[in-house]
Each structure stands twice: as C-alpha cells, then as structure tokens.
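Welcome! Here is a short guided tour for anyone meeting this structure for the first time. Take a look at the model below, then follow the topics one by one.

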Amino acid sequence: MAGRFAPRTPTTRTTIRGGHIPVPAPRPQAHSRRLPDQLGAEELDLGLTLGPLRRGPADPTFRAAADGSVWRASRTPEGAGTLRVRVRGGVVEAEAWGPGGPWLLEGLPALLGADDDPAAFVPRHKLLALTHRARRGLRLTRTGLVLESLIPSILEQKVTTHEAYGAWRWLVRKYGEPAPGPAPDGMYVMPDARTWALIPSWEWHRANVDGKRSATVVRAARVAARLEEAAHMAPAEARERLELVPGIGPWTSAETIQRSNGAPDEVTTGDLHLPGIVGWALAGDRTADDAAMLELLAPYEGQRHRAARLILLSGRVPPRRAPRMTPGDITAI
C-alpha cells in the first residue's frame, strides 16, 4: 500500500474539502533601536527633519502615519530595508526590517540630525530669528545614500514638481520591490543601480522622462559605486565628484548632497524660484538672481542651506504674478 496515499501535509496548510487554506506566514523579525535623550528628542520634529526626503505626497518610498511615525523604504549597501521611526515620551524609537534594516538603524542618529548643530546658526534678520525659534525641532538629515537622492533630483531638472514626482512614483513602482516587513500598503524600495541602467528607452518615455534626463540617470547608475563614495567626502569634494557625470550640474549636486551628506552650507543655485524667494524675504527684491541671493546669504556662511530652508519655512514668498507652469506630457508623442 506504500505510495498509494500522499502523506499529510505539514502544518503550513490545512486541507478542507479538497482545497488548501494557507496559514499566514510569521511576522518578519524586526530589528529595533532606542535613542534616549541623544538627539534632544523632546524638540525633534520628524516631519521637518525627514520631510526633504519625501518626493511628493504619494512617494512610494516614504509614508507619514497618523500615529506620528515616519516610514522609509531604502536601498542600502546591504540591500533593501524598511525603517519605522517615531518619538514617544522624549525617546526616539525605531524598528527596521529586511537585509538593509541593521544598516538603517546604525545610521539612525545621523538621519535624525545627530551630526547637525542648530546652535551654529546665528540669525541676522528678524524673519529668520522668528522662524528659527518657531521651528526649533528642525535638524538637517544625513542619509549616507547618494543615489537615493540623486536620481529623483535628476528627474526634477527643468520640469514641474508634478511631472518629476509622477515619474519617480511610476518608475519606483514599476522597477522597485515591495518594502520589506509590515510596511504600509503601496510602499516600495527603489531599484538598484543595475536595474536603473537597464530600463529601456520606451519605459522612460512612458514615465514622461525625456531623453536628456533618462540618459543622465543611466550614466549615474553605471558609476553608482563611485558616486556613493561621495557620502563620506567633504561637501565640496562630493559635489565635484557628482558633477563629473555629464548632465549633473550645480543644482542637482547641491540638492543631492544636502540630503546625503547633511551639508548645512550647500545652498542650491540655478533654481527657478529660490533666488526670488530669498531676495523677497531678506530685501524685498523678487527679481534677485543667484549672485544677489548668495550676497544676501553671505552673513550665514557655513549655514546658508539652513538659512534658505528657514526662509522657505517662514512662508514669506513673493505674490504670484503669472499662472503656474503647465506640466509637460511626452507620453502621447
């Protein structure tokens, strides 16, 4: 009779009326870390500190939950990882999942601004003094990951944020992987460098990304290992390394290094709106160019990026005089 009947299946599933009911898989093991009093957590504002890492309200790599926690899905040197962090009772609590989880927890203090020194900022204008006091929980984040900030910055070159955010969202969902662990639905880890480099031209077109930007992403992905080294360089050297890649200029390198290196003095130049906003806030000059902006920010040398962020957070912007730029769409061409 041996072999006539199949052996009972293990307890991973149950047979009922000829069908199989799967038993839920065990919850993935989480790594955790607590940072009591290390960061002045009583004042730390997660939204202000980690907000620059979110690329639009529907960014699949970032989620702000109703309980005050922030979720991030990242591609680390150790692989994909999901991080959940929150502040409770003056203590930073974090959990992480996936192969990259331990790496994310190790870099947690830097991510939350442990390397930042807000006391180094000395306001020279009333507007900045008031905003600095009101936004006491702001810290400048340092992710230690270059490509994670570089690629979305390339996608934002000379297009509306609506176009750039849409392209980032489409590409990450198409070519990324679901975030490890019990992450909120719809969270993804961005593709690795090889995958970025192999995306075919027609898929870039479907994502509404023109040939110039897609070619820049591909070039950057092909030398990703060398670019990631910039996270451990001085900001000026890091920007120089990034700008060796054709298509990456001062605007893109500054936007990247501000996040990957936590650089407090790397102010963005070449932006369509920032000079006018800074000029209006500090001198009532909405026509200011990059040179005028840098002159106005000169008293804050060493902290010019923080000064620009505080100006943006102040809400003092020149009144609009023209309609918003119409988003482009190349997908129908």
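A good place to begin is helix α6, where Glu163, Ala164, Ala167, Trp168, Leu171 and Val172 are buried. Viewed down the axis of α6, these buried residues fall within an arc of 150°, so they line one face of the helix. Please keep in mind that this is a predicted model.

**More on helix α6**

- Helix α6 covers residues 161-175, and its 15 residues should span 21 Å at 1.5 Å a residue; the end C-alpha atoms are 21 Å apart, so the expected and modelled spans agree.
- A general rule helps in reading a one-sided pattern: an α-helix has 3.6 residues a turn, so residues three or four places apart point the same way.
- Which elements cover the buried residues of α6? The cover includes α5 (147-155), β9 (188-189), α7 (193-198) and α8 (201-206).
- Leu171, one of the buried residues of α6, touches Leu155, Gly176, Pro191, Trp196, Ile199, Trp204, Ala207 and Val209, leaving out residues up to four places away in sequence.

**The largest nonpolar core**

- The largest nonpolar core holds 32 residues, and those with the most contacts inside it are Leu150, Leu155, Leu171, Trp196, Trp204 and Leu242.
- Two or more residues of this core come from each of α5, α6, α7, α9 (211-222), α10 (224-228) and α11 (235-242).
- Helix α5 gives the largest share of the core, with 5 residues.

**Helix α12, an enclosed helix**

- Of the 11 residues of α12, 10 are buried, so this helix is largely enclosed by the rest of the structure.
- The buried residues are Trp251, Thr252, Ser253, Ala254, Glu255, Thr256, Ile257, Gln258, Arg259 and Ser260.
- What covers them? Elements over the buried residues of α12 include α5, α11 and α15 (304-314).
- Just after α12 comes Gly262, which takes a positive phi of about 60°.

**A closer look at Thr256**

- Thr256 sits in α12, the helix made of residues 250-260.
- Is Thr256 buried or exposed? Thr256 counts as buried because its relative accessibility is 0%, and the cut-off for buried is under 20%.
- The side chain of Thr256 reaches the backbone oxygen of Thr252 at 2.9 Å.
- Setting aside residues up to four places away in sequence, Thr256 touches Val146, Ser149, Leu150, Ser153 and Leu242. Among these neighbours, Leu150 and Leu242 also appear in the list of residues with the most contacts inside the largest nonpolar core.

**Asp265 and its partners**

- Asp265 is found in the loop between α12 and α13 (274-283).
- Although it is a loop residue, Asp265 counts as buried, at 18% relative accessibility.
- A polar atom of the Asp265 side chain lies 2.7 Å from the backbone nitrogen of Gly302.
- Apart from neighbours within four places in sequence, Asp265 is in contact with Tyr300, Glu301, Gly302, Gln303, Arg304 and His305.

**Two loop residues with positive phi**

- Lys158 is not a glycine, yet it has a positive phi of about 55°. You will find Lys158 in the loop between α5 and α6.
- Lys158 counts as exposed because its relative accessibility is 79%.
- Asn208 is not a glycine either, and its phi is positive at about 70°. The place of Asn208 is the loop between α8 and α9.
- Asn208 is buried, with a relative accessible area of 12%.

**Trp202, out in the open**

- Trp202 belongs to helix α8.
- With a relative accessible area of 57%, Trp202 is exposed.
- Trp202 and Thr331 are 129 residues apart along the chain, and their C-alpha atoms are separated by 9.4 Å.

**The chain as a whole**

- How many helices and strands does the chain have? The secondary structure comes to 15 helices and 9 strands.
- The chain has 333 residues, and 46% of them count as buried.
- Among contacts with a separation of 6 or more, 65% join residues 24 or more positions apart.
- The chain exposes about 17,200 Å², of which carbon and sulfur atoms supply 52%.

Conventions. Residues numbered from 1 in each chain as written. Predicted model: local features only at pLDDT ≥ 70, side-chain atom pairs only at ≥ 80, totals over all residues. Heavy atoms only, no water. Helix = DSSP H or I, 4+ residues; strand = E, 2+ residues; numbered from the N terminus. Buried < 20%, exposed > 50% of the residue type's maximum accessible area, 1.4 Å probe, protein only. Polar contact = N/O pair within 3.5 Å; in protein donor to acceptor, adjacent residues only side chain to side chain. Contact = heavy atoms within 4.5 Å. Areas by Shrake-Rupley, 256 points an atom, 1.4 Å probe, with all protein chains shown as cover. Expected span 1.5 Å × (residues − 1). Arc of directions from axis to C-beta. Core = buried A, V, L, I, M, F, W, Y, C linked by side-chain atoms within 4.5 Å.
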